[in-house]
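Visitor: I would like to learn how to read a protein model. Could you walk me through this one?

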Amino acid sequence: MKNVQSRHATQLNHFVKMQLQSPQGIRSHNHRTETSNDWLAESSGLWLLYLASLDHEQAFDAQYRRLCHYFERGGYFRYRLSEQRQLSSVNATVDDFRIIRALRIAALKTGRQRYQAMAKWHFQSLAKRVQVGHQFRDFYDAHTQQTASITSLAYYDLLTMRAFENRDASYRQQLALVQKGYLSNDLPLYAANYNWRQHRYSTQPLNTSEALLTLLHLAEVGQLKLVSLKWVQQRVSDHQLYNGYSVTGQLTTRTQSAGNYAIAARLFAVAHRPVDYQRAMKQVWQFQIRGHDQLIGALGDRQQHLSYAFNDLQALVATTY
């Protein structure tokens, strides 16, 4: 199984390097159009996380320099660079945490304190913009100088927050905010976000990628509920991990994605469920395209000749566990 996964990962890695990587970073997808040919800090951050996990120091340094040059302003990272090279005025806090996590992993693997120092600086710079009281908000808009009024629970990378938060009380309140968003044992997932103006959790439908990231972040700090793990196990086993659910558990779509199975695989790896990990990764590779010159190795839609970086990169990150 390891040899099979290695072959799949090698092909996917080659696709990312040949079709998605550019001097500006990792493109959001492989299509080349004037209106949607953009770069996201999300994609470049996932690639950075992958390189850190593989201990590819030279490639990691080059990617980090790209991220800082094109996305970083004042220590935190804007979320999008357009084809016209226009940088968004807002960040996405989850992207910043992902980059900080990658730097911390690089520090742990190489023993180089400069990575840890940069991670700490980015964390402190981010906190200055988006932390209100103990809690982090979704974004800061440099144009309006306004901080978001919501906190998406999936944005809380609890392991990273715990590593850099100076006050234990802050981390405990951050963890509690996520835990109190639990929906029910019938749908053992968490609300999409908390609205600070309305002082309540959202009842909007769940994006499965974000729902799974919330579970992953809880698992990484030993706070995953067993009922939540079993919910994911069942849907992966049945090949029915769909892309959206209402807060009452009804499907909002019957589409599925490689990225969600990859995040599920990461969850199973952290939860020490190797059989479930292999099962999820087997589903990931069902999305891999074969026999098409420019798309060989990609995870996507062969008919539309389309592959999204989020799916490709989540899968690569999942292979590092």
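Visitor: Let me start with the open sheet of three strands: what is its order, and is the pairing parallel or antiparallel?

Guide: Happy to help, and please keep in mind that this is a predicted model. The strand order is 11-12-13, and the pairing is antiparallel. Strand 11 (150-152) and strand 13 (200-201) are the edge strands, each pairing on one side only.

Visitor: Over how many bridges do strand 11 and strand 12 pair?

Guide: Strand pairing is read from bridges, with at least two needed between two strands. Strand 11 and strand 12 (residues 193-195) have three bridges in the antiparallel sense. One of the residue pairs to look for is Ile-150 with its bridge partner in strand 12, Asn-195.

Visitor: How many helices and strands does the chain have?

Guide: There are twelve helices and 15 strands in the chain.

Visitor: Why does the radius of gyration agree with a compact globule?

Guide: The idea is to compare the chain with a rule for its length. A compact globule of 321 residues would have a radius of gyration near 20 Å, and the chain has 19 Å, so the two agree. Along the principal axes, the C-alpha atoms fill a box of roughly 55 × 45 × 40 Å.

Visitor: What percentage of the residues is buried?

Guide: Buried means under 20% relative accessible area. By that cut-off, 54% of the 321 residues in the chain are buried. The chain exposes about 14,600 Å², with carbon and sulfur atoms supplying 46% of that area.

Visitor: And how many side chains are positive and how many negative?

Guide: The chain has 37 positive and 23 negative side chains, and the centres of these two sets are 4 Å apart.

Methods. Residues numbered from 1 in each chain as written. Predicted model: local features only at pLDDT ≥ 70, side-chain atom pairs only at ≥ 80, totals over all residues. Heavy atoms only, no water. Helix = DSSP H or I, 4+ residues; strand = E, 2+ residues; numbered from the N terminus. Rg over C-alpha atoms; globule rule 2.2 N^0.38 Å. Buried < 20%, exposed > 50% of the residue type's maximum accessible area, 1.4 Å probe, protein only. Areas by Shrake-Rupley, 256 points an atom, 1.4 Å probe, with all protein chains shown as cover. Lys, Arg positive; Asp, Glu negative; His and termini not counted. Charge placed at Lys NZ, Arg CZ, Asp CG, Glu CD.
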